[in-house]
Amino acid sequence: MPSAQSRDDPPAWWTSAVVYQIYPRSFQDSDGDGIGDLRGVLQRIDHLAELGVDVVWFSPIYRSPQDDNGYDISDYREIDPLFGTLEDLDEVVAALHARGIRVVMDLVVNHTSDEHPWFLESRSSKDSDKRDWYWWRPAREGMEPGTRGAEPTNWGSYFSGPAWEFDEATGEYYLHLFSRKQPDLNWENPQVRAAVYDMMRWWLDRGIDGFRMDVINLISKSVGPDGRLSDAVVIDGRYGDNREHTVNGPRLHEFLQEMHREVFEGRRDTLLLVGETPGATVEDGRLFTDPSRRELDMIFTFEHVHLDHGPGGRFDLRPLDLRELKATMARWQTGLADVGWNSLYWENHDQPRSVSRFGADGAYRRESATMLATVLHLHRGTPYVYQGEELGMTNAHFRRLSDYRDIESLRFAAEARAHGTMTDAQLVDALAGGSRDNARTPVQWDASASAGFTSGEPWIAVNPNHVTVNAEAERADEASVFHHHRRLIALRHDDPVVQRGDFTLVAADHPHVYAFTRSGGGPTLFVAGNFSSQPQTVELAGVDADAELVIANHPGRPSITGGVLALRPWEAVVLRDARAARTGDHGRTDAAASGRE
Ligand code: ISL
(Lines give C-alpha, C1' and ligand atoms only; values in the text may rest on other atoms or scores of the structure.)
Protein backbone atom coordinates (compact mmCIF):
# COMPACT_ATOMS: atom_id res chain seq x y z
CA MET A 1 0.00 0.00 0.00
CA PRO A 2 1.55 3.34 -0.97
CA SER A 3 2.47 5.83 1.72
CA ALA A 4 2.08 9.57 1.95
CA GLN A 5 5.82 9.84 2.39
CA SER A 6 8.60 7.57 1.29
CA ARG A 7 7.58 3.97 1.86
CA ASP A 8 9.47 3.32 5.09
CA ASP A 9 8.31 6.51 6.85
CA PRO A 10 5.65 6.20 9.59
CA PRO A 11 2.48 7.99 8.39
CA ALA A 12 2.35 11.71 9.21
CA TRP A 13 -0.32 12.62 11.79
CA TRP A 14 -2.33 14.59 9.23
CA THR A 15 -2.88 11.48 7.07
CA SER A 16 -5.64 10.53 9.52
CA ALA A 17 -6.73 14.07 10.45
CA VAL A 18 -9.73 16.22 9.49
CA VAL A 19 -9.45 20.01 9.34
CA TYR A 20 -12.28 22.47 10.13
CA GLN A 21 -12.11 25.93 8.56
CA ILE A 22 -13.43 28.86 10.58
CA TYR A 23 -14.19 32.11 8.73
CA PRO A 24 -14.26 34.09 11.99
CA ARG A 25 -16.30 37.02 10.68
CA SER A 26 -19.31 34.68 10.23
CA PHE A 27 -18.74 32.04 12.90
CA GLN A 28 -19.98 33.43 16.27
CA ASP A 29 -20.28 37.00 17.53
CA SER A 30 -19.77 37.53 21.27
CA ASP A 31 -20.06 41.33 21.66
CA GLY A 32 -23.13 42.18 19.60
CA ASP A 33 -21.37 44.14 16.84
CA GLY A 34 -22.73 41.72 14.23
CA ILE A 35 -19.27 40.37 13.36
CA GLY A 36 -17.90 37.03 14.59
CA ASP A 37 -14.91 37.12 16.92
CA LEU A 38 -12.47 35.03 18.94
CA ARG A 39 -14.47 35.06 22.17
CA GLY A 40 -17.34 33.77 20.06
CA VAL A 41 -15.16 30.86 18.98
CA LEU A 42 -14.67 30.04 22.68
CA GLN A 43 -18.44 29.63 22.96
CA ARG A 44 -18.45 26.95 20.25
CA ILE A 45 -15.48 24.74 21.09
CA ASP A 46 -17.75 21.94 22.29
CA HIS A 47 -19.33 21.86 18.81
CA LEU A 48 -15.90 21.31 17.25
CA ALA A 49 -14.91 18.72 19.85
CA GLU A 50 -18.17 16.77 19.39
CA LEU A 51 -17.68 16.83 15.62
CA GLY A 52 -14.27 15.26 16.26
CA VAL A 53 -12.07 17.48 14.08
CA ASP A 54 -8.30 17.46 14.63
CA VAL A 55 -7.32 20.89 13.35
CA VAL A 56 -8.93 24.33 13.11
CA TRP A 57 -7.77 26.66 10.33
CA PHE A 58 -8.63 30.31 10.97
CA SER A 59 -9.11 32.59 7.99
CA PRO A 60 -7.21 35.85 8.70
CA ILE A 61 -7.81 37.63 12.02
CA TYR A 62 -4.85 40.01 11.77
CA ARG A 63 -5.17 43.79 11.79
CA SER A 64 -6.71 44.77 8.46
CA PRO A 65 -8.80 47.50 6.79
CA GLN A 66 -11.09 44.56 5.83
CA ASP A 67 -11.15 45.48 2.13
CA ASP A 68 -11.06 41.76 1.33
CA ASN A 69 -12.38 40.61 4.72
CA GLY A 70 -8.93 40.33 6.25
CA TYR A 71 -6.95 38.99 3.26
CA ASP A 72 -5.44 42.51 3.21
CA ILE A 73 -3.17 42.61 6.23
CA SER A 74 -1.79 45.81 7.74
CA ASP A 75 -0.10 44.22 10.79
CA TYR A 76 0.88 40.53 10.80
CA ARG A 77 1.57 40.49 14.55
CA GLU A 78 -1.63 42.10 15.82
CA ILE A 79 -5.20 40.78 15.99
CA ASP A 80 -7.76 43.10 14.44
CA PRO A 81 -9.93 44.63 17.21
CA LEU A 82 -12.98 43.36 15.30
CA PHE A 83 -11.93 39.84 16.31
CA GLY A 84 -10.36 40.59 19.71
CA THR A 85 -6.81 40.60 21.05
CA LEU A 86 -3.67 38.48 21.02
CA GLU A 87 -4.65 37.39 24.53
CA ASP A 88 -8.03 36.23 23.21
CA LEU A 89 -6.24 34.21 20.56
CA ASP A 90 -3.93 32.69 23.18
CA GLU A 91 -7.04 31.65 25.13
CA VAL A 92 -8.64 30.11 22.05
CA VAL A 93 -5.45 28.24 21.15
CA ALA A 94 -5.15 26.92 24.71
CA ALA A 95 -8.79 25.82 24.75
CA LEU A 96 -8.45 24.04 21.41
CA HIS A 97 -5.15 22.42 22.38
CA ALA A 98 -6.80 21.24 25.60
CA ARG A 99 -9.32 19.35 23.40
CA GLY A 100 -6.54 17.89 21.27
CA ILE A 101 -7.27 20.25 18.38
CA ARG A 102 -4.37 21.94 16.57
CA VAL A 103 -4.54 25.53 15.26
CA VAL A 104 -3.46 26.63 11.77
CA MET A 105 -3.33 30.29 10.78
CA ASP A 106 -3.94 31.77 7.34
CA LEU A 107 -0.65 33.11 5.91
CA VAL A 108 -1.26 35.88 3.35
CA VAL A 109 2.15 36.90 2.04
CA ASN A 110 1.68 37.25 -1.70
CA HIS A 111 0.44 40.75 -0.85
CA THR A 112 -0.18 43.05 2.10
CA SER A 113 -2.71 45.79 2.71
CA ASP A 114 -1.87 49.17 1.18
CA GLU A 115 -2.09 50.37 4.79
CA HIS A 116 0.74 48.12 5.95
CA PRO A 117 3.75 50.22 7.17
CA TRP A 118 5.94 48.40 4.62
CA PHE A 119 3.80 49.72 1.77
CA LEU A 120 3.34 53.18 3.27
CA GLU A 121 7.15 53.47 3.38
CA SER A 122 7.51 51.96 -0.10
CA ARG A 123 5.07 54.40 -1.71
CA SER A 124 6.50 57.43 0.14
CA SER A 125 9.28 57.96 -2.38
CA LYS A 126 11.07 56.39 -5.34
CA ASP A 127 14.16 56.47 -3.13
CA SER A 128 12.52 54.72 -0.19
CA ASP A 129 14.57 51.81 1.11
CA LYS A 130 11.40 49.75 0.84
CA ARG A 131 10.57 50.84 -2.72
CA ASP A 132 11.70 47.43 -4.00
CA TRP A 133 9.56 45.55 -1.48
CA TYR A 134 6.67 45.88 -3.95
CA TRP A 135 6.29 45.90 -7.73
CA TRP A 136 6.58 49.51 -8.96
CA ARG A 137 6.81 50.32 -12.68
CA PRO A 138 6.61 53.49 -14.82
CA ALA A 139 3.82 53.95 -17.36
CA ARG A 140 4.02 52.02 -20.61
CA GLU A 141 6.55 53.74 -22.89
CA GLY A 142 5.06 56.58 -24.90
CA MET A 143 1.86 56.69 -22.86
CA GLU A 144 0.65 59.49 -20.59
CA PRO A 145 0.96 58.18 -16.97
CA GLY A 146 -2.42 57.68 -15.35
CA THR A 147 -4.37 57.29 -18.59
CA ARG A 148 -6.27 54.12 -19.59
CA GLY A 149 -3.90 51.77 -21.36
CA ALA A 150 -0.74 53.33 -19.87
CA GLU A 151 -0.51 50.53 -17.27
CA PRO A 152 2.92 48.80 -17.41
CA THR A 153 1.30 45.54 -18.63
CA ASN A 154 -2.20 44.74 -19.85
CA TRP A 155 -2.84 42.42 -16.89
CA GLY A 156 -6.30 42.13 -15.33
CA SER A 157 -6.97 41.76 -11.62
CA TYR A 158 -8.86 38.77 -10.15
CA PHE A 159 -11.26 41.39 -8.81
CA SER A 160 -12.02 42.95 -12.22
CA GLY A 161 -10.31 45.98 -13.74
CA PRO A 162 -6.57 46.47 -14.25
CA ALA A 163 -3.92 44.82 -12.02
CA TRP A 164 -1.95 48.12 -11.78
CA GLU A 165 -2.84 51.21 -9.71
CA PHE A 166 -1.40 54.60 -10.61
CA ASP A 167 0.22 56.44 -7.70
CA GLU A 168 0.06 60.19 -8.36
CA ALA A 169 2.69 61.04 -5.72
CA THR A 170 5.54 59.19 -7.45
CA GLY A 171 4.06 58.96 -10.95
CA GLU A 172 4.46 55.19 -11.07
CA TYR A 173 2.14 52.17 -10.89
CA TYR A 174 2.10 49.36 -8.34
CA LEU A 175 0.97 45.77 -9.03
CA HIS A 176 -2.08 44.22 -7.30
CA LEU A 177 -3.35 40.89 -8.60
CA PHE A 178 -6.31 41.29 -6.28
CA SER A 179 -7.78 44.56 -5.02
CA ARG A 180 -5.99 47.90 -5.35
CA LYS A 181 -5.71 47.78 -1.55
CA GLN A 182 -3.71 44.51 -1.78
CA PRO A 183 -0.32 45.43 -3.35
CA ASP A 184 1.81 42.41 -4.29
CA LEU A 185 5.04 41.89 -2.34
CA ASN A 186 8.21 41.53 -4.40
CA TRP A 187 9.56 38.12 -3.36
CA GLU A 188 12.62 38.63 -5.56
CA ASN A 189 13.83 40.94 -2.76
CA PRO A 190 15.61 38.88 -0.06
CA GLN A 191 14.67 41.50 2.54
CA VAL A 192 10.98 40.76 1.90
CA ARG A 193 11.53 37.04 2.30
CA ALA A 194 13.55 37.51 5.49
CA ALA A 195 10.82 39.70 7.01
CA VAL A 196 8.13 37.14 6.14
CA TYR A 197 10.13 34.26 7.59
CA ASP A 198 10.77 36.22 10.79
CA MET A 199 7.02 36.81 11.19
CA MET A 200 6.28 33.16 10.56
CA ARG A 201 8.77 32.04 13.23
CA TRP A 202 7.16 34.54 15.63
CA TRP A 203 3.80 32.86 15.17
CA LEU A 204 5.20 29.35 15.56
CA ASP A 205 6.96 30.47 18.74
CA ARG A 206 3.53 31.61 20.00
CA GLY A 207 2.37 28.03 19.72
CA ILE A 208 0.37 27.77 16.53
CA ASP A 209 0.61 24.51 14.60
CA GLY A 210 1.01 25.51 10.98
CA PHE A 211 -0.16 27.66 8.09
CA ARG A 212 -2.62 27.66 5.23
CA MET A 213 -0.68 29.67 2.66
CA ASP A 214 -2.86 32.02 0.63
CA VAL A 215 -2.18 31.90 -3.17
CA ILE A 216 1.34 30.82 -2.31
CA ASN A 217 2.04 29.73 -5.91
CA LEU A 218 1.79 33.36 -7.07
CA ILE A 219 4.78 34.65 -5.11
CA SER A 220 7.27 34.10 -7.95
CA LYS A 221 6.29 36.31 -10.91
CA SER A 222 7.65 37.38 -14.27
CA VAL A 223 6.55 41.02 -14.26
CA GLY A 224 6.95 42.44 -17.74
CA PRO A 225 5.27 40.68 -20.62
CA ASP A 226 1.63 41.36 -21.52
CA GLY A 227 -0.91 38.58 -20.99
CA ARG A 228 -3.10 36.94 -23.61
CA LEU A 229 -6.36 38.76 -24.16
CA SER A 230 -9.21 36.39 -23.40
CA ASP A 231 -12.97 36.57 -23.19
CA ALA A 232 -12.93 35.21 -19.64
CA VAL A 233 -14.86 37.70 -17.52
CA VAL A 234 -12.89 36.77 -14.42
CA ILE A 235 -9.81 38.20 -16.10
CA ASP A 236 -12.01 40.49 -18.17
CA GLY A 237 -11.67 40.47 -21.93
CA ARG A 238 -10.44 44.05 -21.82
CA TYR A 239 -7.35 43.02 -19.84
CA GLY A 240 -4.68 40.39 -20.46
CA ASP A 241 -4.57 37.10 -18.58
CA ASN A 242 -1.82 37.53 -15.97
CA ARG A 243 -1.77 33.85 -15.01
CA GLU A 244 0.83 32.75 -17.57
CA HIS A 245 3.28 35.16 -15.91
CA THR A 246 2.24 34.84 -12.24
CA VAL A 247 1.20 31.20 -11.55
CA ASN A 248 3.93 28.73 -10.53
CA GLY A 249 6.68 31.19 -11.47
CA PRO A 250 10.37 30.34 -12.06
CA ARG A 251 11.63 30.65 -8.44
CA LEU A 252 8.55 29.30 -6.61
CA HIS A 253 10.05 26.01 -5.45
CA GLU A 254 13.31 27.74 -4.56
CA PHE A 255 11.39 30.15 -2.31
CA LEU A 256 9.34 27.36 -0.69
CA GLN A 257 12.45 25.32 0.06
CA GLU A 258 14.17 28.40 1.47
CA MET A 259 11.09 29.05 3.63
CA HIS A 260 11.27 25.47 4.84
CA ARG A 261 14.93 25.83 5.84
CA GLU A 262 14.45 29.23 7.46
CA VAL A 263 11.19 28.57 9.31
CA PHE A 264 10.26 24.91 9.65
CA GLU A 265 13.54 23.02 10.07
CA GLY A 266 13.43 21.15 13.37
CA ARG A 267 9.68 21.72 13.85
CA ARG A 268 8.33 19.65 10.99
CA ASP A 269 6.68 16.67 12.60
CA THR A 270 4.04 18.61 14.51
CA LEU A 271 3.09 21.18 11.85
CA LEU A 272 0.54 21.24 9.04
CA LEU A 273 1.56 23.22 5.95
CA VAL A 274 -1.11 23.52 3.25
CA GLY A 275 -0.73 25.72 0.19
CA GLU A 276 -3.57 27.35 -1.71
CA THR A 277 -2.40 26.96 -5.30
CA PRO A 278 -4.87 28.13 -7.94
CA GLY A 279 -3.74 26.74 -11.31
CA ALA A 280 -1.62 23.91 -9.90
CA THR A 281 -1.66 20.62 -11.81
CA VAL A 282 -1.15 17.10 -10.46
CA GLU A 283 2.48 17.34 -11.56
CA ASP A 284 2.82 20.57 -9.55
CA GLY A 285 1.13 18.81 -6.63
CA ARG A 286 3.77 16.09 -6.69
CA LEU A 287 6.51 18.71 -6.58
CA PHE A 288 4.87 20.72 -3.78
CA THR A 289 4.05 17.73 -1.53
CA ASP A 290 6.91 15.26 -2.09
CA PRO A 291 8.30 15.17 1.47
CA SER A 292 11.87 14.76 0.18
CA ARG A 293 11.60 18.24 -1.38
CA ARG A 294 10.71 19.88 1.96
CA GLU A 295 8.15 22.33 0.62
CA LEU A 296 4.51 21.69 1.72
CA ASP A 297 2.48 18.80 3.15
CA MET A 298 -0.51 19.25 0.84
CA ILE A 299 -2.13 21.79 -1.46
CA PHE A 300 -5.63 22.92 -2.45
CA THR A 301 -6.21 22.13 -6.10
CA PHE A 302 -8.84 24.10 -8.03
CA GLU A 303 -9.32 21.77 -10.99
CA HIS A 304 -12.47 20.12 -9.56
CA VAL A 305 -14.09 23.41 -8.51
CA HIS A 306 -13.58 24.94 -11.93
CA LEU A 307 -15.26 22.13 -13.89
CA ASP A 308 -18.67 23.86 -13.81
CA HIS A 309 -17.21 27.26 -14.80
CA GLY A 310 -18.20 28.56 -18.22
CA PRO A 311 -16.00 31.03 -20.11
CA GLY A 312 -17.05 33.67 -17.56
CA GLY A 313 -15.62 31.72 -14.63
CA ARG A 314 -17.31 31.58 -11.25
CA PHE A 315 -20.11 33.92 -12.33
CA ASP A 316 -20.91 31.73 -15.32
CA LEU A 317 -21.71 28.34 -13.76
CA ARG A 318 -22.86 25.45 -15.95
CA PRO A 319 -24.29 22.06 -14.93
CA LEU A 320 -21.56 19.76 -13.68
CA ASP A 321 -20.83 16.55 -15.62
CA LEU A 322 -20.21 14.01 -12.84
CA ARG A 323 -17.93 12.03 -15.13
CA GLU A 324 -15.59 15.02 -15.35
CA LEU A 325 -15.60 15.39 -11.58
CA LYS A 326 -14.81 11.70 -11.10
CA ALA A 327 -12.03 11.79 -13.68
CA THR A 328 -10.46 14.90 -12.13
CA MET A 329 -10.58 13.61 -8.55
CA ALA A 330 -9.29 10.20 -9.67
CA ARG A 331 -6.40 11.84 -11.50
CA TRP A 332 -5.34 13.57 -8.28
CA GLN A 333 -5.83 10.37 -6.26
CA THR A 334 -3.62 8.31 -8.55
CA GLY A 335 -1.21 11.16 -9.24
CA LEU A 336 -0.34 11.51 -5.55
CA ALA A 337 -0.73 7.83 -4.61
CA ASP A 338 2.97 7.04 -4.42
CA VAL A 339 4.36 10.43 -3.39
CA GLY A 340 2.86 13.46 -1.73
CA TRP A 341 -0.66 13.95 -0.33
CA ASN A 342 -4.07 15.31 -1.28
CA SER A 343 -6.26 17.78 0.54
CA LEU A 344 -9.96 17.06 0.03
CA TYR A 345 -12.62 19.75 -0.11
CA TRP A 346 -15.91 20.71 -1.74
CA GLU A 347 -16.26 24.17 -0.25
CA ASN A 348 -14.58 26.98 1.64
CA HIS A 349 -15.02 30.75 2.11
CA ASP A 350 -14.42 31.30 -1.62
CA GLN A 351 -16.75 28.64 -3.00
CA PRO A 352 -20.55 28.34 -3.15
CA ARG A 353 -22.15 25.87 -0.73
CA SER A 354 -21.65 22.35 -2.12
CA VAL A 355 -25.15 21.09 -1.26
CA SER A 356 -26.56 23.86 -3.50
CA ARG A 357 -23.89 23.56 -6.17
CA PHE A 358 -23.42 19.78 -6.48
CA GLY A 359 -26.43 18.49 -4.49
CA ALA A 360 -30.09 19.37 -4.10
CA ASP A 361 -30.63 21.92 -1.33
CA GLY A 362 -34.44 21.63 -1.26
CA ALA A 363 -36.30 18.36 -0.65
CA TYR A 364 -33.09 16.30 -0.68
CA ARG A 365 -30.86 18.68 1.34
CA ARG A 366 -30.00 16.15 4.06
CA GLU A 367 -29.53 13.25 1.66
CA SER A 368 -27.40 15.14 -0.85
CA ALA A 369 -25.27 16.87 1.81
CA THR A 370 -24.54 13.55 3.52
CA MET A 371 -23.87 11.86 0.19
CA LEU A 372 -21.38 14.57 -0.79
CA ALA A 373 -19.66 14.27 2.59
CA THR A 374 -19.44 10.49 2.33
CA VAL A 375 -17.88 10.56 -1.12
CA LEU A 376 -15.37 13.27 -0.14
CA HIS A 377 -14.33 11.80 3.22
CA LEU A 378 -13.79 8.32 1.80
CA HIS A 379 -11.14 9.57 -0.63
CA ARG A 380 -7.43 9.28 0.23
CA GLY A 381 -6.23 12.58 1.66
CA THR A 382 -7.00 15.09 4.41
CA PRO A 383 -10.64 16.28 4.38
CA TYR A 384 -11.46 19.94 5.05
CA VAL A 385 -14.87 20.78 6.54
CA TYR A 386 -15.86 24.40 6.01
CA GLN A 387 -17.95 25.98 8.80
CA GLY A 388 -21.62 25.14 8.22
CA GLU A 389 -20.86 22.36 5.75
CA GLU A 390 -21.36 19.95 8.67
CA LEU A 391 -24.86 21.41 9.05
CA GLY A 392 -25.79 21.21 5.38
CA MET A 393 -25.93 24.99 5.12
CA THR A 394 -27.03 26.15 1.68
CA ASN A 395 -26.31 29.07 -0.66
CA ALA A 396 -27.71 32.41 0.43
CA HIS A 397 -30.08 32.71 -2.56
CA PHE A 398 -29.88 36.51 -2.32
CA ARG A 399 -32.13 38.30 -4.82
CA ARG A 400 -30.89 41.86 -4.29
CA LEU A 401 -27.48 43.23 -5.25
CA SER A 402 -27.57 45.20 -1.99
CA ASP A 403 -27.36 41.91 -0.03
CA TYR A 404 -23.82 41.25 -1.28
CA ARG A 405 -20.69 42.22 0.64
CA ASP A 406 -17.79 40.45 -1.11
CA ILE A 407 -15.38 42.72 -2.98
CA GLU A 408 -14.98 40.16 -5.78
CA SER A 409 -18.75 40.13 -6.37
CA LEU A 410 -19.22 43.88 -5.97
CA ARG A 411 -16.33 44.71 -8.33
CA PHE A 412 -17.68 42.21 -10.87
CA ALA A 413 -21.12 43.84 -10.68
CA ALA A 414 -19.66 47.35 -11.00
CA GLU A 415 -17.62 46.40 -14.08
CA ALA A 416 -20.54 44.55 -15.66
CA ARG A 417 -22.83 47.53 -15.13
CA ALA A 418 -20.17 50.02 -16.30
CA HIS A 419 -19.67 48.11 -19.54
CA GLY A 420 -23.30 47.03 -19.90
CA THR A 421 -22.31 43.38 -20.24
CA MET A 422 -25.18 42.17 -17.99
CA THR A 423 -28.63 43.33 -16.93
CA ASP A 424 -29.28 43.55 -13.20
CA ALA A 425 -31.45 40.43 -13.47
CA GLN A 426 -28.58 38.54 -15.11
CA LEU A 427 -26.21 39.88 -12.45
CA VAL A 428 -28.43 38.69 -9.60
CA ASP A 429 -28.51 35.22 -11.13
CA ALA A 430 -24.75 35.20 -11.75
CA LEU A 431 -23.97 36.24 -8.16
CA ALA A 432 -26.58 33.89 -6.68
CA GLY A 433 -24.73 31.01 -8.33
CA GLY A 434 -21.09 31.93 -7.91
CA SER A 435 -20.61 34.63 -5.27
CA ARG A 436 -18.28 33.88 -2.38
CA ASP A 437 -20.94 35.42 -0.12
CA ASN A 438 -22.88 32.18 -0.50
CA ALA A 439 -20.43 30.66 1.96
CA ARG A 440 -20.15 33.72 4.19
CA THR A 441 -23.62 34.03 5.70
CA PRO A 442 -23.51 33.53 9.47
CA VAL A 443 -23.29 30.00 10.84
CA GLN A 444 -26.79 28.87 11.78
CA TRP A 445 -26.65 27.74 15.41
CA ASP A 446 -30.37 27.72 16.23
CA ALA A 447 -33.79 28.89 15.05
CA SER A 448 -33.72 32.22 16.94
CA ALA A 449 -33.73 35.68 15.30
CA SER A 450 -30.15 35.77 13.99
CA ALA A 451 -29.63 32.00 14.19
CA GLY A 452 -27.84 32.45 17.52
CA PHE A 453 -24.94 34.12 15.64
CA THR A 454 -25.32 37.62 17.06
CA SER A 455 -27.47 39.74 19.36
CA GLY A 456 -26.82 42.67 17.03
CA GLU A 457 -27.27 43.43 13.32
CA PRO A 458 -25.32 40.78 11.35
CA TRP A 459 -22.79 42.18 8.86
CA ILE A 460 -24.42 40.03 6.18
CA ALA A 461 -27.95 38.61 6.14
CA VAL A 462 -28.62 35.35 7.96
CA ASN A 463 -30.11 32.72 5.65
CA PRO A 464 -33.87 32.58 6.40
CA ASN A 465 -33.74 28.76 6.28
CA HIS A 466 -31.92 28.85 9.62
CA VAL A 467 -35.30 28.21 11.26
CA THR A 468 -34.98 24.59 10.15
CA VAL A 469 -31.31 24.29 9.16
CA ASN A 470 -29.30 24.87 12.33
CA ALA A 471 -26.89 23.13 14.69
CA GLU A 472 -29.47 22.64 17.43
CA ALA A 473 -31.85 20.80 15.09
CA GLU A 474 -28.99 18.86 13.52
CA ARG A 475 -27.69 17.72 16.89
CA ALA A 476 -31.14 16.43 17.85
CA ASP A 477 -31.43 14.18 14.78
CA GLU A 478 -29.13 11.11 14.71
CA ALA A 479 -29.50 10.93 10.91
CA SER A 480 -28.53 14.60 10.43
CA VAL A 481 -25.73 16.06 8.33
CA PHE A 482 -23.91 16.91 11.55
CA HIS A 483 -23.96 13.37 12.98
CA HIS A 484 -23.10 11.96 9.57
CA HIS A 485 -19.98 14.13 9.48
CA ARG A 486 -19.21 13.03 13.04
CA ARG A 487 -19.40 9.37 11.97
CA LEU A 488 -17.27 9.97 8.88
CA ILE A 489 -14.58 11.66 10.96
CA ALA A 490 -14.63 8.82 13.48
CA LEU A 491 -14.32 6.31 10.63
CA ARG A 492 -11.23 8.10 9.34
CA HIS A 493 -9.70 8.01 12.80
CA ASP A 494 -10.42 4.28 13.16
CA ASP A 495 -9.90 2.66 9.77
CA PRO A 496 -6.42 2.45 8.19
CA VAL A 497 -8.03 1.67 4.83
CA VAL A 498 -9.79 5.04 4.89
CA GLN A 499 -6.58 6.74 5.94
CA ARG A 500 -4.21 5.23 3.42
CA GLY A 501 -5.81 2.51 1.27
CA ASP A 502 -5.44 2.58 -2.52
CA PHE A 503 -8.16 4.44 -4.42
CA THR A 504 -9.68 2.76 -7.49
CA LEU A 505 -12.46 4.44 -9.44
CA VAL A 506 -15.32 2.14 -10.48
CA ALA A 507 -17.96 2.68 -13.19
CA ALA A 508 -16.14 5.79 -14.41
CA ASP A 509 -18.69 6.32 -17.19
CA HIS A 510 -21.77 6.20 -14.99
CA PRO A 511 -23.33 9.68 -15.38
CA HIS A 512 -25.01 9.72 -11.96
CA VAL A 513 -23.13 7.43 -9.56
CA TYR A 514 -19.71 8.11 -8.05
CA ALA A 515 -18.28 4.71 -7.04
CA PHE A 516 -14.82 3.61 -5.95
CA THR A 517 -13.00 1.17 -3.73
CA ARG A 518 -10.33 1.66 -1.11
CA SER A 519 -8.05 -1.30 -0.52
CA GLY A 520 -4.89 -2.24 1.32
CA GLY A 521 -4.15 -2.31 5.00
CA GLY A 522 -7.49 -3.89 5.91
CA PRO A 523 -10.77 -5.15 4.41
CA THR A 524 -11.67 -3.49 1.13
CA LEU A 525 -14.24 -0.69 1.26
CA PHE A 526 -16.80 -0.13 -1.48
CA VAL A 527 -18.10 3.45 -1.71
CA ALA A 528 -20.98 4.65 -3.88
CA GLY A 529 -22.90 7.94 -4.05
CA ASN A 530 -25.97 8.71 -6.17
CA PHE A 531 -25.63 12.28 -7.50
CA SER A 532 -29.24 12.40 -8.67
CA SER A 533 -32.83 12.62 -7.46
CA GLN A 534 -33.67 9.39 -9.29
CA PRO A 535 -32.94 5.78 -8.21
CA GLN A 536 -29.79 4.42 -9.87
CA THR A 537 -28.00 1.07 -10.08
CA VAL A 538 -24.27 0.46 -10.33
CA GLU A 539 -22.21 -2.72 -10.73
CA LEU A 540 -19.65 -3.16 -7.95
CA ALA A 541 -17.55 -6.19 -8.81
CA GLY A 542 -16.66 -8.13 -5.69
CA VAL A 543 -19.29 -6.68 -3.40
CA ASP A 544 -21.33 -9.39 -1.60
CA ALA A 545 -25.00 -9.14 -0.77
CA ASP A 546 -24.04 -9.54 2.89
CA ALA A 547 -21.24 -6.94 2.85
CA GLU A 548 -21.02 -5.04 6.13
CA LEU A 549 -22.82 -1.66 5.99
CA VAL A 550 -20.28 0.74 7.49
CA ILE A 551 -21.98 4.10 6.87
CA ALA A 552 -25.19 5.04 5.06
CA ASN A 553 -27.47 8.05 4.68
CA HIS A 554 -30.75 6.18 4.08
CA PRO A 555 -32.47 3.81 6.49
CA GLY A 556 -31.89 0.08 6.16
CA ARG A 557 -29.64 -1.79 3.78
CA PRO A 558 -29.33 -0.99 0.10
CA SER A 559 -30.31 -3.75 -2.31
CA ILE A 560 -27.30 -5.70 -3.64
CA THR A 561 -28.10 -8.40 -6.19
CA GLY A 562 -25.44 -10.15 -8.20
CA GLY A 563 -22.88 -7.43 -7.52
CA VAL A 564 -25.32 -4.72 -8.59
CA LEU A 565 -26.07 -2.05 -6.01
CA ALA A 566 -29.39 -0.20 -6.17
CA LEU A 567 -29.22 3.35 -4.82
CA ARG A 568 -32.10 5.57 -3.74
CA PRO A 569 -32.08 9.31 -4.56
CA TRP A 570 -28.85 10.91 -3.27
CA GLU A 571 -28.03 7.68 -1.39
CA ALA A 572 -24.49 7.05 -0.25
CA VAL A 573 -23.16 3.81 1.18
CA VAL A 574 -19.84 2.51 2.45
CA LEU A 575 -19.66 -1.29 2.44
CA ARG A 576 -16.89 -3.38 3.93
CA ASP A 577 -15.75 -6.59 2.26
CA ALA A 578 -18.04 -9.42 3.46
CA ARG A 579 -15.21 -11.82 4.24
CA ALA A 580 -14.01 -9.45 6.99
CA ALA A 581 -17.54 -9.06 8.34
CA ARG A 582 -17.99 -12.89 8.54
CA THR A 583 -14.85 -13.16 10.69
CA GLY A 584 -16.37 -10.48 12.97
CA ASP A 585 -13.43 -8.11 12.59
CA HIS A 586 -15.79 -5.17 12.85
CA GLY A 587 -18.70 -5.20 15.22
CA ARG A 588 -20.61 -2.21 13.85
CA THR A 589 -24.34 -2.82 13.27
CA ASP A 590 -26.21 -1.56 10.21
CA ALA A 591 -28.48 0.61 12.35
CA ALA A 592 -25.56 2.26 14.15
CA ALA A 593 -23.92 2.91 10.81
CA SER A 594 -26.84 4.88 9.46
CA GLY A 595 -27.66 6.57 12.74
CA ARG A 596 -31.08 4.96 12.93
CA GLU A 597 -30.66 2.99 16.12
O1 ISL B 1 -11.75 31.28 -5.60
C2 ISL B 1 -11.17 31.93 -6.42
C3 ISL B 1 -10.77 31.42 -7.76
O4 ISL B 1 -11.81 30.60 -8.27
C5 ISL B 1 -10.87 33.34 -6.15
O6 ISL B 1 -12.10 33.96 -5.77
C7 ISL B 1 -9.92 33.50 -4.98
O8 ISL B 1 -9.66 34.85 -4.91
C9 ISL B 1 -8.58 32.78 -5.20
O10 ISL B 1 -8.77 31.44 -5.04
C11 ISL B 1 -7.55 33.23 -4.16
O12 ISL B 1 -8.13 33.13 -2.89
C13 ISL B 1 -7.37 33.58 -1.78
O14 ISL B 1 -6.74 34.84 -2.03
C15 ISL B 1 -7.58 35.98 -2.20
C16 ISL B 1 -8.73 36.06 -1.19
O17 ISL B 1 -9.71 36.99 -1.67
C18 ISL B 1 -9.40 34.71 -1.00
O19 ISL B 1 -10.42 34.78 0.00
C20 ISL B 1 -8.33 33.71 -0.60
O21 ISL B 1 -8.89 32.43 -0.32
C22 ISL B 1 -6.68 37.18 -2.06
O23 ISL B 1 -6.01 37.09 -0.80
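These legends describe close-up views of a predicted model. Local features need pLDDT of at least 70 and side-chain atom pairs count only at pLDDT 80 or more, while totals for chains, interfaces and linings use all residues. Residues are numbered from 1 along each chain as its sequence is written, and side-chain values use heavy atoms, without hydrogens or water.

**View 1. Helix 5 packs against helix 7.** Helix 5 spans residues 190–205 and helix 7 spans residues 252–264 (helices are DSSP runs of H or I, at least four residues, numbered from the N terminus). Their axes lie 9 Å apart, at an angle of about 45 degrees (axes are lines fitted to C-alpha atoms, for helices over the stretch in contact; angles run from 0 to 180 degrees between N-to-C directions). That makes helix 5 oblique to helix 7 (not under 35, over 145 or 65 to 115 degrees).

**View 2. Residues of helix 5 meet residues of helix 7.** Arg-193, Tyr-197, Met-200, Arg-201 and Leu-204 belong to helix 5. They meet Phe-255, Glu-258, Met-259, Glu-262, Val-263 and Phe-264 in helix 7 (contact means heavy atoms within 4.5 Å).

**View 3. Five strands form an open sheet.** The order is 18-19-20-25-22, with antiparallel pairing (strands are DSSP runs of E, at least two residues; two strands pair if DSSP finds at least two bridges between them). Strand 18 (502–506) and strand 22 (548–552) stand at the edges, each with a single partner strand.

**View 4. Strand 22 pairs with strand 25.** Strand 25 covers residues 572–576, and the antiparallel pairing has 4 bridges. Leu-549 has Leu-575 of strand 25 as its bridge partner. Helix 15 (residues 481–494) packs on the sheet and touches strand 22 and strand 25.
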